[in-house]
Amino acid sequence: MEFKWSVPLIILVLVNCDLYSNIGGSILKECPYCNTYEPSQPESRIYSSEGSELVRISVGVIVYFALKPNQQSKAAETRRCCGGPVSDHFQSDQFEKMFSNRSSLEVEDHEIENKGFLDYQSFITASAYYQRYGFGTTYINEDFFGTKEVAAFLAHVATKTSCGNKVVAREQLSRDLCYNKEKNSNLSYCDERYKNAYPCAPGVAYYGRGALPIYWNYNYGEAGKDLKVDLLNHPEYIEQNATLAFQVAIWRWMTPIKEHQPSAHDVFIGTWTHTKNDNLAKRVSGFGATMSVLYGDLICGHGDNESMKNIISHYLYYLDLMGVGREEVGPHEVLSCAKQVMHL
């Protein structure tokens with residue numbers, strides 16, 4: 001995997017330290033109709049396991065496989081299908097509008113350094129790694145979830161990387177993407193219960209890092225294993241590499257982070273099996289459930305609190321910028337997690 005390296009951020013911001021674990025490894029499954037990315041190879045045609053012909057499309061060093069146009073509608077009718085790469089429906093100008101104040105904030109230099117660290121190209125490169133699993137590309141029947149999912153994911157990223165400047169109205173929703181690690185953590189987040197599987201490296205702290213932060217040695221170990229990067233011994237790589245910072249964030253979005261719990265991706269697009277406990281907890285597919293999965297009772301189940309409303313405001317604002325009507329988010333109980341009880 002090829003990364004784009006940059007200067008590490010020095011100053012941090014404190015984020016919620018929600019506890020979670022993905023012990024046992026990734027359970028991601030590739031979408032059979034999804035565009036995937038692989039190292040460039042000579043031009044050829046290949047066929048999916050179900051006989052659908054895929055056309056190879058080269059974009060720089062990244063290769064996507066797409067269904068032939070006359071097969072796309074059939075695939076959408078029969079099962080989950082994926083559209084084109086994220087860059088097809090999410091452009092750099094939209095990204096810059098979302099985070100327009102991240103490089104021009106009225107803050108002292110020592111408060112925020114390298115504000116442009118997390119950039120559009122790093123996000124697109126990171127998203128390509130997970131497009132094969134449906135991130136930002138999923139169709140269900142003929143309903144495209146990709147644009148909404150990018151908006152939802154970035155809404156969570158934004159609230160976890162807030163610059164903290166004092167602005168009002170819509171400008172406040174463009175003040176994010178300033179940090180990619182926790183501010184002044186005094187905790188090592190080393191859980192010795194996992195010393196055999198994921199032993200803590202001497203002198204290393206596993207505080208929150210990434211565009212959507214991960215914590216604890218076991219999560220660094222799991223993410224590193226899936227991404228094939230030694231994050232257990234070198235968690236600082238996330239601070240030095242913007243693409244990796246986004247990849248870790250998407251890993252958290254795409255991967256179940258508690259036992260017997262779906263991923264944020266699954267609950268957002270609705271590809272999960274509801275249990276009796278889910279029904280009792282009033283947990284339904286949609287944006288609200290992503291907050292339930294990612295943050296639990298730190299945010300959800302407490303009515304319309306400010307933290308939850310802040311995340312929702314970002315999501316709705318990003319949908320506006322991406323040209324998606326707010327009516328597509330569903331009723332309040334789908335958008336919110338105010339009444340969702342925690343612990344599956």
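Helix 4 (120-130) and helix 8 (242-254) pack at an angle of about 40°, with their axes 8 Å apart. Axes here are lines fitted to C-alpha atoms, for helices over the stretch in contact, and angles run from 0 to 180 degrees between N-to-C directions. Helix 4 is therefore oblique to helix 8; angles under 35 degrees count as roughly parallel, over 145 as roughly antiparallel, 65 to 115 as roughly perpendicular and the rest as oblique. Helix 4 passes helix 8 in a right-handed crossing. A crossing is called right-handed if the near helix is turned clockwise from the far one by less than a right angle, and left-handed if anticlockwise.

Before going on, a word about the model. It is a predicted one, in which local features need pLDDT of at least 70 and side-chain atom pairs count only at pLDDT 80 or more, while totals for chains, interfaces and linings use all residues. Residues are numbered from 1 along each chain as its sequence is written, and side-chain values use heavy atoms, with hydrogens and water left out. Helices (H or I, at least four residues) and strands (E, at least two) are DSSP runs, numbered from the N terminus.

**How the helices meet**

Which residues of helix 4 touch helix 8? On the helix 4 side they include Phe-123, Ala-126 and Tyr-130, and on the helix 8 side Phe-246, Ile-250 and Met-254 are among them. Contact means heavy atoms within 4.5 Å.

Helix 5 (146-160) has two partners to look at. With helix 12 (residues 306-321), the axes come within 8 Å and cross at roughly 140°, which means that helix 5 is oblique to helix 12. The crossing is right-handed. Lys-148, Ala-151 and Leu-154 are among the helix 5 residues that take part, and Ile-311, His-314 and Tyr-315 are among those from helix 12.

With helix 8, helix 5 packs at about 110°, the axes being 11 Å apart, so helix 5 is roughly perpendicular to helix 8. Again helix 5 makes a right-handed crossing. Here Glu-149, Ala-152, Phe-153 and His-156 of helix 5 meet Ala-249, Ile-250, Trp-253 and Met-254 of helix 8.

**Inside the core**

In soluble globular proteins, nonpolar side chains tend to be buried together. In this model the largest nonpolar core has 77 residues, and those with the most contacts inside it are Phe-90, Phe-123, Phe-153, Phe-287 and Tyr-315. Such a core is a set of buried Ala, Val, Leu, Ile, Met, Phe, Trp, Tyr and Cys residues joined through side-chain atoms within 4.5 Å. Helices that each supply at least two residues of it include helix 4, helix 5, helix 6 and helix 12. The largest share, ten residues, comes from helix 8.

Phe-153 makes a good starting point for exploring. Leaving aside its neighbours within four places in sequence, Phe-153 is in contact with Phe-123, Phe-135, Leu-212, Ala-249, Ile-250 and Trp-253.

How much of helix 6 is covered? Ten of the eleven residues of helix 6 (residues 217-227) are buried, where buried means under 20% relative accessible area, exposed over 50%, and partly exposed in between (1.4 Å probe, protein chains only). Among the buried ones are Tyr-218, Gly-221, Glu-222 and Leu-227. The buried residues of helix 6 pack against helix 4, helix 7 (237-240) and helix 8. Just after helix 6, Lys-228 takes a positive phi of about 60°.

**Charged pairs**

Side chains of opposite charge can pair when their charged atoms come close. A salt bridge is a side-chain nitrogen of Lys or Arg within 4 Å of a carboxyl oxygen of Asp or Glu, and the count comes to seven salt bridges. Three of them are set out here.

| Salt bridge | N to O distance | Relative accessible area |
|---|---|---|
| Asp-191 and Arg-193 | 2.7 Å | Asp-191 9% (buried), Arg-193 68% (exposed) |
| Lys-309 and Glu-306 | 3.1 Å | Lys-309 36% (partly exposed), Glu-306 57% (exposed) |
| Arg-326 and Asp-320 | 2.6 Å | Arg-326 38% (partly exposed), Asp-320 31% (partly exposed) |

Elsewhere, salt bridges that share partners join Asp-143, Lys-148 and Glu-328 into one network. Lys-309 and Glu-306 both lie in helix 12, three residues apart, about one turn of the helix. An α-helix has 3.6 residues a turn, so residues three or four places apart point the same way.
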